[in-house]
Amino acid sequence: MAERIDGKAVAAEVIERVKRAADALREKTGTKTGLAVVIVGDDPASQVYVASKGRMAKECGFHSVEHRLPEDASGDELIDLVGRLNDDPSIHGILVQLPLPAHMDAGRVIQTISPEKDVDGFHFINVGKLGTGERETAFVPCTPAGSMLLIERTIGKELSGKTAVVVGRSNIVGKPMANLLLAANATVTIAHSRTPDLAAVCRTADVLVAAVGRPEMVRGDWIKPGAVVIDVGINRIDAPERGEGKTRLVGDVAYGEAEKVASAITPVPGGVGPMTIAMLMANAVTSAYRAAGEQPPSF
Ligand SMILES: Nc1nc(=O)c2c([nH]1)NC[C@@H]1CN(c3ccc(C(=O)N[C@@H](CCC(=O)O)C(=O)O)cc3)C=[N+]21
């Protein structure tokens, strides 16, 4: 049976280190790490995520602010708010919760966030820095950064000689994940919905990262025996066996099948999800260190 990679436990360790780093910075320079989360509309899933980000930020001793705009706010109103946060020296990290309402151009909004405060790592400047290996001053997107930390904890930092397959090519997960694996010297393939014989490609992977957003798409026989499997998917599906109208979370990997083949695998929930939030806190305190002219710790 595969080892179950405990993302919740690793995330708690990261949070502990963030808390200590934030305290140390405050003692040395008086800088209190400030994180602003902006949410537009009242999508219930987004509310839950934003609430847990706020809770975690407070736990880290941050100055934590939440800005809520109505569903029918204009793109310009949101951009004005981002501009004020850019100019506010008490704020070191800005996160605009995605998805935004359809009438807003999310890409345009993200590019108005100051790259120095872009703790999601979605701004072109940060994307370019990651792509060119300029890690010292970049922000790495939280989900790939957290996934990478789980891989390091499981098989180490050095992936030369290993084959990695990332299923999914989003700007938020797939592409930055591939860049991180490449930087660790893995031989990397990015596969996606139009890849012929996806199962055969996945079977080449010593490290398999599933980020497609399709419940339990990756089956047990897609997995190379002994592979490390990172399941980024968070899919809410109906669970009538739990009672009328009940739902449950599943990943992009059929866990029960995969754990019989893999050497290690992340569960859903309790795997990559908690790491995403922990890395957001790590990016925020890193930003505060940079703003204070101090060398941030590594997480
Ligand atoms: N600008 C922006 N940045 C984001 O990082 C961002 C976003 N927008 N929009 C939404 C997605 C989703 N996301 C998650 C974070 C934590 C969990 C998490 O902690 N999940 C728990 C379970 C949560 C539950 O029970 O629903 C787990 O997997 O164990 C999940 C999803 C961040 N996102």
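**Exercise 1. Find which element gives the most residues to the shell around the ligand, and describe the rest of that shell.**

Start with the top contributor: α10 supplies four residues, the most of any element. Helices here are DSSP runs of H or I with at least four residues, strands are E runs of at least two, and both are numbered from the N terminus. Before going on, note that this is a predicted model, where local features need pLDDT of at least 70, side-chain atom pairs count only at pLDDT 80 or more, and totals for chains, interfaces and linings use all residues. Residue numbers run from 1 along each chain as its sequence is written.

Next, the head count: 17 residues surround the ligand, and Leu-98, Pro-269, Gly-270, Gly-273 and Thr-276 are the closest. Elements giving two or more residues are α2 (44-59), β4 (93-96) and α10 (272-291). A residue gets in if its C-beta atom, placed from the backbone, lies within 6 Å of the molecule.

Then sort by chemistry: 12 are nonpolar, four polar and one charged. Ala, Val, Leu, Ile, Met, Phe, Trp, Tyr, Cys and Pro count as nonpolar, Asp, Glu, Lys and Arg as charged, and the others, Gly among them, as polar.

Last, check the domains: domain 1 (30-115) and domain 2 (142-273) each give at least three residues to the shell. Those bounds come from an automatic or database domain assignment.

**Exercise 2. Locate the cis peptide bonds at Pro-99 and Pro-269.**

Take Pro-99 first: its cis bond is with Leu-98, with omega about 0°, and Pro-99 sits in the loop between β4 and α4 (106-110). Now Pro-269: the cis bond is with Val-268, omega about -5°, and Pro-269 is in the loop between β11 (264-265) and α10.

**Exercise 3. Is Gly-168 buried or exposed? Do the same for Ser-170.**

First, the record: an unreviewed UniProt entry lists Gly-168, Arg-169, Ser-170 and Ile-234 under "binding site". Positions follow the numbering used here, feature names are shortened, and annotations may be inferred rather than shown by experiment.

Now count neighbours. Gly-168 is buried because 23 other C-beta atoms lie within 10 Å. Ser-170 has 17 such neighbours inside 10 Å, so it's partly exposed. The cut-offs are 20 or more for buried, 12 or fewer for exposed, and partly exposed in between, with C-beta atoms placed from the backbone.

Finally, place them: Gly-168 lies in the loop between β5 (163-167) and α7 (174-183), and Ser-170 is found in the loop between β5 and α7.
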